[in-house]
Amino acid sequence: MTTETRLAPDGFVYASLPQLMALEQRSRGLSFLSRQPLSSILSGAHASRLRGRGLSFDELRNYTPGDDLRHLDARATLRYGKPFVRTFTEERDRPTLLLVDQRMSMYFGSRRSFKSVTAAELASLSAWIAFHAGDRVGGMVFGDDKIEHIRPQRSRARIQALCAAVIRANHALHASQPETEQQNQLDTVLRHCLASAGHDHLICIISDFAGAGAQTLQLLRQLSAHNDVIAMQVYDPIALQLPDKGRITITQGTVQRELQVGSKQVQQPLGEFLAGRLRDVAELLRRSQVPLMMVSTGEEVIGQLRLELGRLTRRAG
């Protein structure tokens, strides 16, 4: 079940490709990994660095006081009669996958923009953050019935291809389009991700997590066992506080019903339902131990992302 309401006149119902590409400049200075790895938002699960940023051999040199004794090269030390150590550099390139939700449950907004547009902006910002960190970027853009795969590459052209896929799915959404009964589409996408990601990926799931359940929890745990996973839950402010008056259309598939929210008989149970669903998803993600960011449709995305990155970094530090 979803809610529909009229968006403010200056709000965003659809995203545009130039809008998403222009977010590159605004993404600068943001990172999923701080300069001190122990303070990265993912360090709660991985003690020293992002999984996938492996160590590659750099050189063999004489031991100097302070070197890590674990890097002593026994063979070279015995051969030359003095200690030698192996040095390593951290690999900078790894795949980042963005799972971008553009289902009908995302086609809703009471302030500023629809959830589908907020998700598109988050996807673009996340892609640029990963690109500037040296990562290859790709993803899966999914609606109720379709999943489009974009293979990871490190190029602006690949980010444009990803953003173009988001725009195609975004513009396919329409008020006359019924929400399908395929409630397991999110789980289907996660299974596809498991099959293609394997291990050592950064995976950002950008969704309202409608339809999430026990199977979703299991899939998230499987994904995060060998990858770094971040959940970005997009929500509308109406889930936290219903308006005092006005009408809201409730839809489920092709069935619609208009409700007067000023009525106490409507406002209390509807408000409890929406807030409860938000809490349920947050609890499910907490149990999966996947870091969670919550992003509202009612405010500018870049500011919220900066705050959420800072919040999770402080928590991990």
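Is glutamate 24 buried or exposed in this predicted model? At a relative accessibility of 10%, glutamate 24 counts as buried, and the first close-up below begins with this residue.

**View 1. Glutamate 24 and arginine 156 form a salt bridge.** The closest N and O atoms of glutamate 24 and arginine 156 are 2.5 Å apart. Glutamate 24 belongs to helix 2 (residues 24-27) and arginine 156 to helix 5 (residues 156-172), so this pair ties together parts that lie 132 residues apart in sequence. While glutamate 24 is buried, arginine 156 has a relative accessibility of 41% and counts as partly exposed. Side chains of opposite charge can pair when their charged atoms come close. A search of the whole structure finds ten salt bridges, and two further examples appear in the next views.

**View 2. Lysine 115 and aspartate 208 meet through their side chains in a salt bridge.** The N to O distance in this pair is 3.0 Å. Lysine 115 is in helix 4 (residues 115-132), whereas aspartate 208 is in the loop between strand 7 and helix 7, so the salt bridge ties together parts that are 93 residues apart in sequence. Lysine 115 is buried, with a relative accessible area of 8%, and aspartate 208, at 9% relative accessibility, counts as buried too. The pair also belongs to a network of salt bridges that links Asp101, Arg103, Lys115 and Asp208.

**View 3. Arginine 286 and glutamate 283 form a salt bridge within helix 8.** The side chains of these residues meet with an N to O distance of 2.7 Å, and the two positions are three residues apart, which is about one turn of the helix. Arginine 286 counts as exposed at 55% relative accessibility, whereas glutamate 283 is partly exposed, with a relative accessible area of 34%.

**View 4. Tyr14, Tyr107 and Phe114 form one aromatic cluster.** The structure holds four aromatic pairs, and in one of them the rings of tyrosine 14 and tyrosine 107 have centres 6.0 Å apart and planes at 40°, so the pair is tilted. Tyrosine 14 lies in the loop between strand 1 (2-4) and helix 1 (17-21), and tyrosine 107 in the loop between strand 4 (95-101) and helix 4, so the pair ties together parts that are 93 residues apart in sequence. At 30% relative accessibility tyrosine 14 counts as partly exposed, whereas tyrosine 107 is buried, with a relative accessible area of 11%. The rings of tyrosine 80 and phenylalanine 84 have their centres 5.3 Å apart and their planes at 45°, so this pair is tilted as well. Tyrosine 80 is partly exposed, with a relative accessible area of 49%, whereas phenylalanine 84 is buried, with a relative accessible area of 11%.

**View 5. The charged end of arginine 154 sits over the ring of phenylalanine 131.** The distance from this charged end to the centre of the ring is 4.6 Å.

**View 6. Phenylalanine 209 and glutamine 289 have positive phi values although neither is a glycine.** Phenylalanine 209 has a phi near 60° and is placed in the loop between strand 7 (202-207) and helix 7 (214-226). Glutamine 289 has a phi of about 65° and is placed in the loop between helix 8 (264-288) and strand 11 (292-296). Their surroundings can be described by accessibility: phenylalanine 209 is buried, with a relative accessible area of 2%, whereas glutamine 289 is exposed, with a relative accessible area of 69%.

**View 7. Cysteine 163 and cysteine 204 both count as buried.** The relative accessibility is 3% for cysteine 163 and 0% for cysteine 204. A disulfide is a covalent bond between the sulfur atoms of two cysteines. With a cut-off of 2.5 Å between cysteine sulfur atoms, the count comes to zero disulfides.

**View 8. Residues 1-6 and residues 250-257 have pLDDT under 50.** The protein chain averages a pLDDT of 79, and 72% of the residues score at least 70. For residues 1-6 the model has 25 contacts beyond four places in sequence, and for residues 250-257 it has 19 such contacts. Where pLDDT is low, the predicted coordinates should not be read in detail.

How values were computed:
Residues are numbered from 1 along each chain as its sequence is written. This is a predicted model: local features need pLDDT of at least 70, side-chain atom pairs count only at pLDDT 80 or more; totals for chains, interfaces and linings use all residues. Side-chain values use heavy atoms; hydrogens and water are left out. Helices (H or I, at least four residues) and strands (E, at least two) are DSSP runs, numbered from the N terminus. Buried means under 20% relative accessible area, exposed over 50%, partly exposed in between (1.4 Å probe, protein chains only). A salt bridge is a side-chain nitrogen of Lys or Arg within 4 Å of a carboxyl oxygen of Asp or Glu. pLDDT is the predictor's confidence in each residue, from 0 to 100. Contact means heavy atoms within 4.5 Å. Rings of Phe, Tyr and Trp (its six-membered ring) pair if their centres lie within 6.5 Å; planes under 30 degrees apart count as stacked, over 60 as edge-to-face and the rest as tilted. A charge sits over a ring if NZ of Lys or CZ of Arg is within 6 Å of the ring centre and within 35 degrees of the ring normal.
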